[in-house]
Every structure is written in structure tokens, then in C-alpha cells.
Amino acid sequence: MLLTSAGMGGSMILIVLVWGVFLYFFMMRPQKKEQKRVAAMLASLEVGDVVVTTSGFYGVLIDITDEDVIVEFGSNRNCRIPMKKSAIQEVEKQN
């Protein structure tokens, strides 16, 4: 039995549709969830929180502005570095 061009076109549309659903649920949706988690974490930052930067440094938040933070590293109280909020990877809340 020969497939007609209309039958092949319907099969192609179905394959593209299934592939699109697969991409959404296994690639785009988890990425959006992660972006929401990171945005919520950055929005909840408070002075005194212990943070880990994307470089792996541990520090304490000293000051917070809209886009930047000042982080104090180590036991040397003079080692305060301004950085972007996006450079913060993890937050450990102080009790």
C-alpha cells in the first residue's frame, strides 16, 4: 500500500507535535522552575545571611541594593567586595 502525500503530512505533523511537547516538559519547564527558584532566593536575601558565590567563596552579606550586594569574606573585616546578586549561588539563612 502506497502512502499518499496527505497521509505522510499528517504523520509529520504528529511527530512535530509530540517532539514539541517532549521539549517543553523535559527541557523548558524545568528551566523555568529553576529560574523562579533562583529569583525567589535572591528576593529573600537579608543582611547577615551567609552566601556561597558562583566561584565557591563563602561570605556574609553586609549591604544589599537593587542589583548589587556587598559581601564580607573570611575573618578579615576589611575584605568587603561588591558583586552582582546573580553571582550568589546559595544562601544559608541566619537564625
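How much area does the protein expose, and what share of it do carbon and sulfur atoms supply? In this predicted model, the exposed area comes to about 7,500 Å², and carbon and sulfur atoms supply 63% of that area.

A good place to begin is the overall build. The protein has one helix and five strands, and the elements run α-β-β-β-β-β from the N terminus on. With a radius of gyration of 24 Å, well over the 12 Å that the globule rule gives for 95 residues, the protein is more spread out than a compact globule. The dimensions of the C-alpha trace can be read next to that value: along the principal axes, the trace spans about 80 × 20 × 20 Å. Of the 95 residues, 19% are buried. As for contacts between residues at least 6 apart in sequence, 36% of them join residues at least 24 apart. The charged side chains number 10 positive and 10 negative, and the centres of these two sets lie 8 Å apart.

Helix H1 covers residues 5-43, and Val16 has its place in this helix. Val16 counts as exposed because its relative accessibility is 54%, where the cut-off for exposed is over 50%. How far from Val16 does Phe73 lie in space? The two residues are 57 apart in sequence, and their C-alpha atoms are 51 Å apart. A second pair can be described in the same way. Ser55 belongs to the loop between strand E1 (50-53) and strand E2 (58-64), and at 58% relative accessibility this serine counts as exposed. From Ser55 to Gly10 there are 45 residues in sequence and 50 Å in space, C-alpha to C-alpha.

The loop between helix H1 and strand E1 holds Glu46 and also Asp49. Is Asp49 buried or exposed? Asp49 is buried, since its relative accessible area is 2% and the cut-off for buried is under 20%. Glu46, in turn, counts as partly exposed, with a relative accessibility of 47%. These two loop residues also meet through polar atoms: a polar atom of the Asp49 side chain lies 2.9 Å from the backbone nitrogen of Glu46. Further along the chain, and not counting residues up to four places away in sequence, Glu46 touches Leu61, Ile64 and Lys93. Val91 is 45 residues from Glu46 in sequence, with a C-alpha to C-alpha distance of 9.7 Å. For Ser55 and Gly10, also 45 residues apart in sequence, the corresponding distance is 50 Å.

The last residue to visit is Glu72, which is found in strand E3 (residues 68-73). Why does Glu72 count as buried? Its relative accessibility is 6%, and the cut-off for buried is under 20%. Which side chain makes a polar contact with that of Glu72? The partner is the side chain of Arg80, at 3.0 Å. Once neighbours within four places in sequence are left aside, the residues in contact with Glu72 are Gly59, Val60, Ile62, Arg77, Cys79 and Arg80. Arg80 therefore appears both in this contact list and as the polar partner of the Glu72 side chain, with a contact defined by heavy atoms within 4.5 Å.

Methods:
Residues numbered from 1 in each chain as written. Predicted model: local features only at pLDDT ≥ 70, side-chain atom pairs only at ≥ 80, totals over all residues. Heavy atoms only, no water. Helix = DSSP H or I, 4+ residues; strand = E, 2+ residues; numbered from the N terminus. Buried < 20%, exposed > 50% of the residue type's maximum accessible area, 1.4 Å probe, protein only. Polar contact = N/O pair within 3.5 Å; in protein donor to acceptor, adjacent residues only side chain to side chain. Rg over C-alpha atoms; globule rule 2.2 N^0.38 Å. Areas by Shrake-Rupley, 256 points an atom, 1.4 Å probe, with all protein chains shown as cover. Lys, Arg positive; Asp, Glu negative; His and termini not counted. Charge placed at Lys NZ, Arg CZ, Asp CG, Glu CD.
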